[in-house]
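Dear colleague,

I am handing over the structure we spoke about, and I would be glad if you kept it open beside this message while you read. My notes on what was found in it come after the display.

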Amino acid sequence: MLHVLINSPFYIDSNIFFGLIRKRDDIIAIQDGVIISVKNNIFLKKIINLSKNLYVLEEDLEARGILKYVSKNFSIVNYFDFVDLTVKNKSQIKW
């Protein structure tokens, strides 16, 4: 399953979000969701423990001026990679 985090993790029900993630799931943070990829934030340890397939959209990081603050646990991807993730995952959920 592909989890597309659009909203800031501060504005979603994190208990439900984290409760639905499985190790094999892919997670991509876009738009305001890119906040979850910032080093040393309160959600980082939890998301790293749940999945190793963590992606963040480069264009949205640049737009928010936080590209240099991204945790090494996230792979920085572009829109083409995002499309590949959507093709790979038949099931998707947006947060």
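What follows deals with the sheet and then with the aromatic residues.

Please bear in mind throughout that this is a predicted model.

To begin with the sheet, five strands make up an open arrangement whose order is β4-β3-β2-β1-β5, and the pairing in it is parallel. Its edges are formed by β4, which covers residues 75-77, and by β5, each of which pairs on one side only. On average, and with direction ignored, neighbouring strands of this sheet are turned by 25° against each other. As general background, the strands of a sheet pair through backbone hydrogen bonds, and they can do so in a parallel or an antiparallel manner. Looking at one pairing in detail, strand β1 (residues 2-5) runs alongside β5 in the parallel sense, and the two are joined over three bridges; L2, for its part, has Q92 in β5 as its bridge partner.

Turning to the aromatic residues, the structure contains four aromatic pairs. One of these is the edge-to-face pair of F17 and W95, with 5.2 Å from centre to centre and 75° between the planes. This pair links distant parts of the chain, given that F17 sits in helix α1 (residues 14-20) whereas W95 belongs to the segment after β5 (92-94), with the two positions 78 residues apart. F17 and W95 are both buried, and they belong, together with F10, F18 and F43, to one aromatic cluster.

With best wishes

Terms used:
Residues numbered from 1 in each chain as written. Predicted model: local features only at pLDDT ≥ 70, side-chain atom pairs only at ≥ 80, totals over all residues. Heavy atoms only, no water. Phe/Tyr/Trp six-rings, centres within 6.5 Å; stacked < 30°, edge-to-face > 60°. Helix = DSSP H or I, 4+ residues; strand = E, 2+ residues; numbered from the N terminus. Buried < 20%, exposed > 50% of the residue type's maximum accessible area, 1.4 Å probe, protein only. Pairing = 2+ DSSP bridges. Axes fitted to C-alpha atoms, helices over the stretch in contact; angles between N-to-C directions.
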